[in-house]
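Open the structure in your viewer and keep the selection tool handy. We will go from one stop to the next, and at each one I will suggest what to pick and what to look for.

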Amino acid sequence: MGRRILNDALRTIVNAERRGKATANLQPISTVMASFLGIMKTRGYIKDFQVYDPHRVGRITVELLGRIKDCKALTYRHDIKAKEIEEYRVRTLPTRQWGYVVIRTPNGIFDHEEAIRQNVGGQVLGYFH
């Protein structure tokens, strides 16, 4: 069920973007989801997000910018080595100009650029562009 939570949340964001909404409400939440949204925020794909009551079921409100075309979580999180990240990115993302692959590493959750910079591999969580 934990892997479906992230996938459902990302699909909710994409659907809200396609309908032209300014915000999206995500429920239930997880810490992985908050980290994924943090990467999206630092890369400029979402404006901001607020976490409400994380100790219970919780809710996240995401302010959208209209930049997200597609955003998916992989239900099967396969391992990837540091030297295979660039090959995976080329295969997954539509072009080199935009989009990020999010990877869970022993050092934390990073996008593909930071994982290559730190030369660490891990599990692929998903991608957005």
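## A walk from helix 3 to strand 8

Start with Glu87 and Arg91: on their side of helix 3, both are exposed. Keep in mind as you look around that this is a predicted model.

Now turn to the other side and select Ile85, Tyr88 and Arg89. These three residues of helix 3, which spans residues 85-92, are buried. Why do they sit on the same side of helix 3? Because the arc they cover around the axis is only 100°.

What covers these buried residues? Show strand 5 (79-80), strand 6 (100-105), helix 4 (112-118) and strand 8 (122-128), which are included in the cover over the buried residues of helix 3.

Stay with strand 8 for the next stop. How many of its 7 residues are buried? The count is 6, so strand 8 is mostly covered.

Next, bring up the strands that pair with strand 8, one at a time:

- **Strand 4 (residues 71-73):** it pairs with strand 8 in the antiparallel sense, over 3 bridges. Select Cys71 and you will find its bridge partner, Phe128, in strand 8.
- **Strand 5:** here the antiparallel pairing with strand 8 runs over 2 bridges. Pick Asp79, whose bridge partner in strand 8 is Gln123.
- **Strand 6:** this one is also antiparallel to strand 8, with 5 bridges. Choose Val101 and look across to its bridge partner in strand 8, Tyr127.

To finish, show helix 3 together with strand 5, strand 6 and strand 8: these three strands are among the elements covering its buried residues, and both strand 5 and strand 6 pair with strand 8.

Methods. Residues are numbered from 1 along each chain as its sequence is written. This is a predicted model: local features need pLDDT of at least 70, side-chain atom pairs count only at pLDDT 80 or more; totals for chains, interfaces and linings use all residues. Side-chain values use heavy atoms; hydrogens and water are left out. Buried means under 20% relative accessible area, exposed over 50%, partly exposed in between (1.4 Å probe, protein chains only). Helices (H or I, at least four residues) and strands (E, at least two) are DSSP runs, numbered from the N terminus. The arc is that of the directions from the helix axis to the C-beta atoms. Contact means heavy atoms within 4.5 Å. Two strands pair if DSSP finds at least two bridges between them.
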